[in-house]
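Could you look through this structure with me? I have put my notes as numbered points, with each term explained where it comes up.

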Amino acid sequence: MTYAITLNGVNKGFDLVRDVHRSLKSAILSFRRSRAKQMLGLKDITLSIAHGETVAIIGKNGSGKSTMLRIIGRVYRPSSGTVQVDGRMSTMLALAAGFHPELTGRENIFFNGAIMGLTTAQVKEKLDKIIDFSELNDFIDSPVKTYSDGMLMRLGFSIAVETDPDILLIDEVLAVGDAEFQKKCYSRINAFRKAGRTIVFVTHDLEAARLVASRAIWLSHGEIAMDGDTEPTIQAYLASLSHHDQEHAAEEEI
Amino acid sequence: MSNILKLETEYTARSALTFAGLDLILLIVSFVSRPAQPTNMIDELKELFKYRDLLKQLVVRDLKVRYRNSVLGFFWSLANPLLQVATMTIVIKYVMRLDIRNYSAYLLVGYLPWMFFQMALLDSSQVVLMHRDLLRKVYFPREVLPLSVVIANLIHYILALFVFFSYLLAYRVFLHGAPIMPSAFLLPVLMALQSCLIIGLTFFVSCLNVFYEDVKYLLTALLNVFFYLTPVMYPSELVYSQLAKTHHPILYKLYLLNPLNALIDAYRKTLLPPFSALALKGTPVKSLPLNYGILIGAGVLCIAIAIAGYAFFNSRKWVFAEKV
């Protein structure tokens, strides 16, 4: 069986001081000084995600969730280890990232499709479905700068889902818009799962994870603390949180 | 006069050698600056080709955004160079009394490629930072960003050339001015070489600006200096006769080493007839024919810079997302 996503012994380090040399001057002045120390963002991660799985990545802030999603999405290259991805992948873009305010919704759809690796012809095929799902028919030829945040998110979600990727990566926002549109998002995600597509999402919203995920990966300090069925993993994570709260309340405050 | 011509043939041989030497240095530099992550340029180009529609979208987006909100659209981007050229013509011709017939045509033919060069480099210093949100979220071949800047500016340049040619044509018809030269067929070659040069430099600039924020200030300063070091406002013959007279061969060689000089000189000599009646401090200055040796050397250098720039960019492009 082939997996949609395979990570093998992935380590990811970051420069501890992010901006060691932000100017030529400081670079020249500190020419012979040693390089910045590295902080490990991810430590020796090995995991496989099968086609059709919906995986939630949970954990506290700074535990490496987003780093892991970016490693899978090929935005970061691992310091060591290998990443293999089978199928076309797309990332749901948050508000500002993929849209140009001066261009119309329709033009932005083409741009976003191209970012996800589609050709213009492929986007054209899917254009009607995207616009229909977003419910933005009346506004699609207005510049995006006139959209509300909710409308932008609806457009972003529609593009991510209706471009029909094999693997969908989502950071934080799983369902967008008002309650009704959120319901629509969830049912679309479920249809997506049933079609055998793979979803990996990072979230703090454990209810959302319970609702759609078939598997949860709990990250702690850059390592996998637990990887298994959604409910037990969430329970273990919650238990560690309350345990942690009692023992290290003082430490947290610092 | 014959002295100058002798000197010139001597320089052809020497400059070809110098160019070969510089190419070698560049290649060594690109290999010595060891890639942080080894990359295979052919594979990178294949991946880039897969994302050609994204490149197209970026260019279209750039052009649309630039022209959408103004009624005059494209003509705004022409207004600036035309105003500059008009001002310089007046200053040079009537204040400084440099007597070249049809000076504005000679100026424009150098100023338009200079604009292409300058605008592309300035835009490229910002392009990675401008797309930081995208870089941090999505995978795509990073080189589409500087490439889109170069292509968008190349399109401006082509549009501006149309205006230049209609100006020449109008001048020809109504005022019996400079004819359009048969050697103008070399224009696409010159444009291709200049694009290579610019692509290579934008790779360096856009990449370095991610790591060192003051690169854009340095770039602005250098562009100001190089505007005067490049034969835009004056024909290269003036530099030549000055340097040949006072015998600083190394200076003229250094002057020739800038491939942009060779290209702008070649634009002028292939698109316009040799200028007539130019005098420097009373001494007549003869116009020189296009030196193909220098042009070929400059062309090789342009391509070498493009390859070195791409290698440099590739070795660092996957760190952008962590740095911006």
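The points below go from chain B as a whole to two of its helix pairs and then to its contact with chain A.

1. A word on the model and its labels: this is a predicted model, in which local features need pLDDT of at least 70 and side-chain atom pairs count only at pLDDT 80 or more, while totals for chains, interfaces and linings use all residues. Residues are numbered from 1 along each chain as its sequence is written, and chains are lettered from A and ligands numbered from 1 in the order in which they are written.

2. Let's begin with the make-up of chain B, which has 14 helices and 2 strands. Helices (H or I, at least four residues) and strands (E, at least two) are DSSP runs, numbered from the N terminus. Of its 324 residues, 38% count as buried, that is, with 20 or more other C-beta atoms within 10 Å of their own, the C-beta atoms being placed from the backbone.

3. How do contacts in chain B spread along the sequence? Among those between residues at least 6 apart, 86% join residues at least 24 apart. Two residues are in contact if their C-beta atoms, placed from the backbone, lie within 7 Å.

4. Now find H8(B), residues 187–211, and H13(B), residues 292–316: their axes come within 7 Å and cross at roughly 30 degrees. This makes the two helices roughly parallel (an angle under 35 degrees; over 145 would be roughly antiparallel). Axes here are lines fitted to C-alpha atoms over the stretch in contact, and angles run from 0 to 180 degrees between N-to-C directions.

5. Who meets whom in this pair? Residues of H8(B), including Leu193(B), Phe203(B) and Cys207(B), meet residues of H13(B), including Ile303(B), Phe313(B) and Arg316(B). By class, this contact has 16 nonpolar, 3 polar and 1 charged residues. Ala, Val, Leu, Ile, Met, Phe, Trp, Tyr, Cys and Pro count as nonpolar, Asp, Glu, Lys and Arg as charged, and the others, Gly among them, as polar.

6. Next, try H5(B), residues 103–130, with H9(B), residues 215–229: the axes come within 10 Å and cross at roughly 170 degrees. The two helices are therefore roughly antiparallel. Trp114(B) and Leu121(B) are among the H5(B) residues that meet H9(B), where Leu219(B) and Phe227(B) are among the partners. The classes here are 7 nonpolar, 2 polar and 1 charged.

7. Finally, 24 residues of chain B are in contact with 28 residues of chain A. The largest share of chain B's side, 7 residues, comes from H3(B). That side divides into 11 nonpolar, 2 polar and 11 charged residues.

Technical notes: Parallel < 35°, antiparallel > 145°, perpendicular 65-115°, else oblique. Buried ≥ 20, exposed ≤ 12 C-beta atoms within 10 Å, placed from the backbone.
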